[in-house]
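Please examine the sequence and the structure shown here before reading the briefing.

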There are 4 protein chains.
Amino acid sequence: MASNERLGVAIVGLGGAVATTAVAGMELLRRGRVDTRGLPLADVKGLGLVEYDALTFGGWDLFDEDLAKAARNHAVLTEAQLAAVTPTLERMRPWAAASNPRFCKNIVDTTAKKARSLREQVQAIREDLTRFKKDEKLDRVVVVNLASTEKSVDLTRPQFATPESFEKALDANDADIGPAMLYAYAAIVDGVPFANFTPSVAADVPALLALARRTGAPVAGKDGKTGQTLLKTVLAPALRDRALHVDGWYSTNILGNRDGEALNDPASKQNKLDTKGAALDSILGYKVQDHIVQIQYYRPRGDNKEAWDNIDVTGFLGQPMQLKLNFLCKDSILAAPLVVELARTLDLARRRGEGGVIDALGCFFKAPMSRDGQPVEHAMAEQQRNLMTWLSKGRVPRTEPAPERIRG
Amino acid sequence: MASNERLGVAIVGLGGAVATTAVAGMELLRRGRVDTRGLPLADVKGLGLVEYDALTFGGWDLFDEDLAKAARNHAVLTEAQLAAVTPTLERMRPWAAASNPRFCKNIVDTTAKKARSLREQVQAIREDLTRFKKDEKLDRVVVVNLASTEKSVDLTRPQFATPESFEKALDANDADIGPAMLYAYAAIVDGVPFANFTPSVAADVPALLALARRTGAPVAGKDGKTGQTLLKTVLAPALRDRALHVDGWYSTNILGNRDGEALNDPASKQNKLDTKGAALDSILGYKVQDHIVQIQYYRPRGDNKEAWDNIDVTGFLGQPMQLKLNFLCKDSILAAPLVVELARTLDLARRRGEGGVIDALGCFFKAPMSRDGQPVEHAMAEQQRNLMTWLSKGRVPRTEPAPERIRG
Amino acid sequence: MASNERLGVAIVGLGGAVATTAVAGMELLRRGRVDTRGLPLADVKGLGLVEYDALTFGGWDLFDEDLAKAARNHAVLTEAQLAAVTPTLERMRPWAAASNPRFCKNIVDTTAKKARSLREQVQAIREDLTRFKKDEKLDRVVVVNLASTEKSVDLTRPQFATPESFEKALDANDADIGPAMLYAYAAIVDGVPFANFTPSVAADVPALLALARRTGAPVAGKDGKTGQTLLKTVLAPALRDRALHVDGWYSTNILGNRDGEALNDPASKQNKLDTKGAALDSILGYKVQDHIVQIQYYRPRGDNKEAWDNIDVTGFLGQPMQLKLNFLCKDSILAAPLVVELARTLDLARRRGEGGVIDALGCFFKAPMSRDGQPVEHAMAEQQRNLMTWLSKGRVPRTEPAPERIRG
Amino acid sequence: MASNERLGVAIVGLGGAVATTAVAGMELLRRGRVDTRGLPLADVKGLGLVEYDALTFGGWDLFDEDLAKAARNHAVLTEAQLAAVTPTLERMRPWAAASNPRFCKNIVDTTAKKARSLREQVQAIREDLTRFKKDEKLDRVVVVNLASTEKSVDLTRPQFATPESFEKALDANDADIGPAMLYAYAAIVDGVPFANFTPSVAADVPALLALARRTGAPVAGKDGKTGQTLLKTVLAPALRDRALHVDGWYSTNILGNRDGEALNDPASKQNKLDTKGAALDSILGYKVQDHIVQIQYYRPRGDNKEAWDNIDVTGFLGQPMQLKLNFLCKDSILAAPLVVELARTLDLARRRGEGGVIDALGCFFKAPMSRDGQPVEHAMAEQQRNLMTWLSKGRVPRTEPAPERIRG
C-alpha cells in the first residue's frame, strides 16, 4: 500500500463525544502528544492496514457547532489535550444531518435535512461523500454510524426483504425507514464500507445485506462493545469452561453523557438492552434465568461511565458463589479507538475485494452481524483469534470449527 | 474403555478441605444427590476418560482422623450433605504421611513417618500405593498432592540435576529434599501419574522430569488455578487485546482455612506468591510496575475465600480507568472438581502412552509446567482450547502457533 | 414490672419471612440455642421493658399455612434452627386476614375476610385480639403491621381528616381505606399500641393520629429501617459534618423474597421509593440532584438482600471523590429483632401513659412519624440518642435542640 | 473579633501535599475561584473563629523548593487551579527544618538543621516563629505538624515524665527526642497552640502536656481522621446500636504519595497502624478478633488514595452478613480543610483562655488526645456534637455523660 494514500472517515454524529475523541486523538497522535495506547491494532504491521495518519475525518451532526466547541462540552480530553487540538477542531464543522424525531426522541435537531423526501436525503448524503472525497483529495471513504440510538423496527416487514422492495419503500417515503438505514443505504449503494457502532437498525436489514453483497460494500456492526458487555464476553466463557452455572447476572450502568440522555427514551433504551442481552446466553449455551441489565442516566459522571455487575453462580455440590465487577471507565476513551480500527479494517476488506458482512470484526460489537446466517461468536478470546486470523489470511471458509466443547 | 475399570486416586493431604470435598462430592454424585455442576469435563463423552463412579479415593495425612470428622471441621458441605456421606467417610482414614517441619512450619504433625530415612519414607509410600491397589481391586492409580504449601528450594543445586544425582541425595538424606518431592519420586519411579495442586516443589525438579520421561509417568502442575489467578488469566488477555495498559494490579485475598493458616509461615507464603506472580506479565508481554498480591489469614470466613482486585489501566489518550473485582468464592468447591478432572485426564494420558509433562492440562494451574522448555501459555481461553484439542486428538506437535498478535 | 406479665404481639402478615423469623428467634432464645445478638435493646436493663420471654405471638395472614411450613419456604433459618422450632411452629396458624386486591396486587389471597364490609372486617380484627388475649392469658397486646406493601393513597382527602369522618367512611365502605388502615383503626380504637413496619398507609392518617391521642394508643412507624436506608442515615450526617457535597447517590437493591415480588407491582414500589427518598435531603439540608433508588426482584438471593450504593461527592477545591457500599444482608435477620423491640417499647409507652406518635422510636423507621408536626430526625446517631434518652427519662419536651450546626 | 486580625499558621512539612493544598486552597478561596465546600466549619458564624482570609501560611520543610514547584509535583490541584496560584506560591519557600534520620528513614533531607544540638534546633524554631510573626505583621501564630510519620518511642521513659526532666533531656541531646517533639516543645513553651496531624509522637508526652497546662498553650492531636478511619468511626456506632457483632474488619489501603513512601519504613508504618487500631474496639466495647489494617504503597494513584473495607458481622440468630466499603478519595483534599479548621479552632481556644488538650477537637483525629486521663470518644457523631457544643459554649465540665447505652 502506498504510504501517501488517504482514507476518509465520514461519521454520522461527528459532534458526539466518541467522534470528537477519535478526531482529536488522531490529531494528538500525529503531533506525538500521545502514544498508540488503547488502539487495539497499533502493533499489527505489514498486513495492509492504512497508517493512522492516513485518516481524514468528516461527517454529519444534528448540532451545528464546530468540533472544538463540541469537544469542550463533552469534557473527555484533558485541559492540555483540548488546548493542543483546538485550532484544528475549530476549523471542522459537521454537515447537515438526516434525522427523524419518530426514531430518536430526546435529541432536538438543529441542522437536519428536514423538509426533504427520503430520496432527497439519500441523495444529499451521497453528495456529501463525493464532495468530501474531492475536497480532501481522498483515495477512499468509509462511513461509521455513531448517532444516538434510534427506536427499533420490525425487520420482517416486506419492504425490508430485497433491495428492490427497499428502494420502492424509499420512493414512497416509508415511515419505517429511519435515518441510520438511509446512511447505510447511501454508503452501500456506492460500494462504500459501512460500520454501525450503535444499536440502531442500519445495515442489518435483509435488503441492505443483499445490496452489500451485490455492490461489494463491506459492512460491520452492531453496537460497539466497550465496557460491561466486553467484560461479560470475557468472563462468561471462563464460567462455562469451569462448569459454574450462572443463576443470575445483574448489570447496572450509570452514565451521564448525551448517550445516556438519549436512552431516557424507553424505545431507544429497549433497543440498547436487546443488543446487550443476547451474548450471555449464547456463550453459556442456556438461558440465564435472572439476567437483568439496567441503564441509568446519572449526571455526576459526565462521560465517565460506571458499571456494577453482580454474578451469582453455583458450582460443585450446588454451592453458591458470587462475583462482582465494578468498572469505572470512560465511554469515549474506550469507543474512539475501536471506531478508528473499524475504519482501517473495513477499508482493508474492500481492497481485498471482500463485500457483505465482515464477521471477523465481531470482537468490536455487542451484537455482531453474521455472514450467511452462520451462528455468531460472542466469546471475546475467540473473536480476537478470528480477527487475527483474518488479518493475516483474509476471509477463510469455516471448515473446521473451534474444538471448544466436545459432546458425544 | 471397559466400564468396570477402577481408578484409584491417592491424595497427599487426604484430610484437607479440598480432598474431603472431592471424596464427599463423588459419593454424593454416585447417590444422585448432586449433579455434575462444577465438573469442567462432565459433558466430554466418548474420548476415553474414566467415568466419575470409577474413582476410588485413598491417601495420606498428618492428622489421623477419619474423613467424616475432618469434613465436619472444614464445614464446606451443607449439614444435609454431610449427614448423607458421614457413614461412608467415617470408614475412611488417611495413611501415615511423610512430613518435614523444616518445609512446612505451621502444621503440627501427628501421624508422620518421622523417625525414618528418606529412602524408608519413599518405600513406605510405594507400599501404600501397592496395598491400595490390591485392597481396592484397582486397575490403575494416580497421585495428587494437596498438602499444605512447603517452603521453596533452590532447583539449580546439583542434586536436582539428574535422576542419578537425585537418588544419591535420597540415599544421603539430603536436607533439601522435601516431602512433596518424595511423593512425586515414589509415584514417578513406578510410572504412576502425579499431579501437584500446590505451590510446593514436587515433580518440577529437572531430575524428576527426566525420570518421568524415562518411566512414562505423566505429570502435571503446579498450584491449582481456582479463584483470583483464574480471573487474572481471563481478564488480562482482554486488556491486552484492547491495548489497555496495566499500570497496577492490586490483589488482596482473605481466607480462613487450614491453607491460610499454613501461609502465615512467610516461607510458604513466598512460594505461593511466586506461583501467583508470573501469569500476568507473561500474558501482557511487559512487566506490570505495581503488581501486588496479598494473602491474609482471616478467620471469619473459614473456607469461604474472598478476593478483591483493583486494576489501574490507561487507555486511549493516556487516560486512566479502573476495574475492580470482588470474588466471594469457596476454595474447596472450586478446587475439588479440578482435582477429580486431573485424575481422569492424567489417567487418560498414561493409557495413551504419553509420559512427562502433559502441558495440555495448563488450564488447571497457576504456574503450568512446560514440556521441553517451551513457553508456557497462561491465557485461560487458549489453555481451554489446548485442553479440548488434546482431549480430542492427543498430544500434537506445536507446529502452528496461535495467531494471537502479529508483529512485522 | 412483675416478671410473670405476658405481652401478646399480634402481627399482620404472620406467615411472612420477618414474622416467622421473629417468632422462631424468640423460641430459640428461650431454649438457649441463640444469644441476644442482633437485638438492639438486649442490654438495656431496669427501665421497664418486658423480658423477651414474656412475648407471645399470634396474627393474621392471607396464606393459611402453619408457621413451620412458612418458615421452611422462607429459608431464613439454618437447617438446625428450623428443626429445633418446627414442633412449636407447626402448632401456630395465622388468623384469616383482611385484604384488598386493589391495594396490593401481586399477592394472591387464600384466607381473606373477603365478602365482608369494612365494619365487619374491623369487628373481626377486634374479636381476634380479644380472643388472643383471653386464650393466651395475656396482660396486654400490641399490633405490628408486616404485611406486603400496599399502594399509596391521597391523605388530604376529607374522609381522612377526623376520627368522625373516617368512621363515616368506614360505614360507607370507602374505596380508599386499605387493609393496613383497618388494622390500625381496630387497634387504636381500643387503645392498643400499633406499629407500622411497612411503607403502607396505616396509622399515618390525620384521623387515626387524632384518635390515638384520644384513646392513648401509642403508635410508631413507618417502614422498618434495616439495610440501605440505615446506612444512608449513618453516612449522610458524616458527609454533612465534613462539608462534602453529595452530587449524586445511586442506590440499587436486589432481593428475591416475597417482599421483592410484591414490589414488582409499580404502585407498591412507588410507595416504597417514597419512604426511602426523604431521609437523605433532610439530613443534608439540600436536595441531592441525582438521588436514584432502584429495587429489583432477583431470585437467586431469596431472602438475602444486596444493596450497592455509589455516592459522588465533591470536597475541597471542588474536587470529586467516590464512595461505594456493598451490603450483603439478610432482610429478615435485620428486621425481626426490630419488630421485637418495637413491641417491647410501645408496650412500655402505654404503661407510662404516653399515647399518639412515640417519636423516640424513629431509629427503627425509614420514614419516622412525627409528633405534632415537629420536624423529623433522620440521622441515625441522633435517633439512637433520642431513644436512649426516652428509655431512661420518658418523653421529654423538646426545649433544647441538638447543637448540630450553628448558623449566624 | 476585629476583622483585621491576622493569624499565622506555621506548618511543619510546608512543602507536602496537604500543606500546599491548604495554602493554595485558601488563596483560591480568597480570589473567589472556589467556594467553601469541604471546609467543615464554613457555616459556623458569630462564635469567634477568625475568617479564612485572616490566615497567613509559613513553615518548615526538608526539601528546599518553592511551593509552586512542590504543588506541581503533588498533582493535587487541577491544571487551572495550579496556574491561578502559581505566582503566589512561587514566592513561598519553606524554612530549614529540624530532622532526624533515626526517626523517619525514607525521606532524605536537604535543608535540615542538621549539625546542631537539640537546644539549638528548638531555639531556631522559636526564632522562626518570632520572625514569621513580625515579618507578616501577625497577631497570633499556631503550629501544625504535617511532617512524615516518625518512628514510635517509649513514653514511659523517665525523661518524658515532667517538663523539668524533658528539658534536662533536651540539654543532654537525648536520642529519644524526635523532631516532632522539638516543634511541639518550641510552640508550647511560648504558649503557642500546637496541632499534631500525624501519628508521630509530639505533644502527647506527659512532660509536654503538663507544660501546655502551665503555659496555657492549647494542643490537639493526633493523626488526622480523613478517610478509612473516619468511615470506621461513622459505621461502628451504628453496628453497635443495632447489636450486630463485628467478627472481622479487614481494611486495606492503596496510596501513592510521599506519605505512602514514608510508610514503607516498617517503624513509621507501625506507628500509623497503632493510631488506626484503637477506635474500633473503643466504640464497640469489645475486642474485634480479626481487625486487620493494611497500607500499601501503590504508585498508579499518586495522591488519590483508595480504601477497601470488608466487615463481617453476625446478627440475629447468629447469622452472618457482610458490608464492604470502597472509598476513592483524595488524601490532601480531605486533609487540607481540617488543617485550616484546626488552626482556627485552636486559636479560638487560646483567646478563650483554654490551655492543654482541647478534647472537643477529637472529631479531627484518628487517635484523639484526652484531657486529664478521661476516656476518649471515637464515635464521629458524638465527636461532632462535642465540637458544636464547645464552639457555642466553650469548654464545659463533663457532668452528664451521653446516654448512649444504659446498663443495669
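The briefing below treats a sheet, a helix and a nonpolar core in turn. This is a predicted model, in which local features need pLDDT of at least 70, side-chain atom pairs count only at pLDDT 80 or more, and totals for chains, interfaces and linings use all residues. Residues are numbered from 1 along each chain as its sequence is written, while chains are lettered from A and ligands numbered from 1 in the order in which they are written.

**The sheet of chain B**
- Seven strands form an open sheet in the order β3-β2-β1-β4-β5-β6-β11 (chain B), with parallel pairing; strands (E, at least two residues) and helices (H or I, at least four) are DSSP runs numbered from the N terminus, and two strands pair if DSSP finds at least two bridges between them.
- The edges are held by β3 (95-96) and β11 (356-357) of chain B, each with a single partner strand, so one side of each has no neighbour in the sheet.
- Strands β1 (residues 7-12) and β4 (residues 140-145) of chain B run parallel and are joined by 6 bridges.

**Helix α2 of chain D**
- In α2 (residues 67-74) of chain D, the residues D:L67, D:A70, D:A71 and D:H74 are buried (20 or more other C-beta atoms within 10 Å of a residue's own, with C-beta atoms placed from the backbone).
- After α2(D) comes D:A75, whose phi is positive, near 55 degrees.

**The nonpolar core**
- The largest nonpolar core (buried Ala, Val, Leu, Ile, Met, Phe, Trp, Tyr and Cys residues joined through C-beta atoms within 7 Å) has 536 residues.
- Those with the most contacts inside this core are A:V339, B:V339, C:V339 and D:V339.

Terms used
Buried ≥ 20, exposed ≤ 12 C-beta atoms within 10 Å, placed from the backbone.
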